[in-house]
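Trainee: I am new to this one. Could you show me the structure and explain the terms?

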Amino acid sequence: MNRATLLAAALVLGLGAGIANAKIPAPVMDDAAKAKAEEAKAKAADAAKKDAELLAKSQDRVAERYKKGQGKGGKAAPAAKGAKPAAAPAKK
């Protein structure tokens, strides 16, 4: 290949990269679209709030169950069936 071909190819690639990185302007929203977007945002926030409340309630129940279990003598949770007991540390 000669120099002119390489220069032309580099120029085309350079211009193509510049065009590919160009930003498309955001569409202009009318009042109805803005209201719809705000409504969707409010719905999402409400759903997130409800989910957070449910999570907090379930965490509280688990914590209470754990505390009650600790009051009965502080026994460790039973091992799953088929699980091997932990090895005792080796004496030196």
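Mentor: We will go through helices, exposure, salt bridges and a charged patch. This is a predicted model: local features need pLDDT of at least 70, side-chain atom pairs count only at pLDDT 80 or more, and totals for chains, interfaces and linings use all residues. Residues are numbered from 1 along each chain as its sequence is written, and side-chain values use heavy atoms, with hydrogens and water left out.

Trainee: How many helices and strands are there in the chain?

Mentor: The chain has 2 helices and 0 strands. Both terms refer to DSSP runs, numbered from the N terminus: helices are H or I with at least four residues, strands are E with at least two.

Trainee: Why is lysine 68 called exposed?

Mentor: Its relative accessible area is 59%. Exposed means over 50%, buried under 20%, and partly exposed in between (1.4 Å probe, protein chains only). So lysine 68 is exposed. Lysine 68 lies in helix H2, residues 31-70.

Trainee: What percentage of the chain's residues count as buried?

Mentor: Of its 92 residues, 0% count as buried.

Trainee: What makes lysine 41 and glutamate 38 a salt bridge?

Mentor: Their side chains meet at 4.0 Å, N to O. A salt bridge needs a side-chain nitrogen of Lys or Arg within 4 Å of a carboxyl oxygen of Asp or Glu, so the pair qualifies. The two are 3 residues apart in helix H2, about one helical turn.

Trainee: How many salt bridges does the structure hold?

Mentor: It holds 2. Lysine 50 and aspartate 46 also form one, at 3.7 Å, N to O. They sit 4 residues apart in helix H2.

Trainee: Why is lysine 50 called partly exposed?

Mentor: Lysine 50 has a relative accessible area of 48%, so it falls in the partly exposed range. Aspartate 46, at 39%, is partly exposed too.

Trainee: Which residues gather in the patch of positive charge?

Mentor: Lys57, Arg61, Arg65 and Lys68 do, on the surface. Lys and Arg count as positive.

Definitions and conventions. Patch = residues over 30% accessible without salt bridge, like charges linked within 9 Å, V, L, I, M, F, W, Y side chains within 5 Å. Areas by Shrake-Rupley, 256 points an atom, 1.4 Å probe, with all protein chains shown as cover. Charge placed at Lys NZ, Arg CZ, Asp CG, Glu CD.
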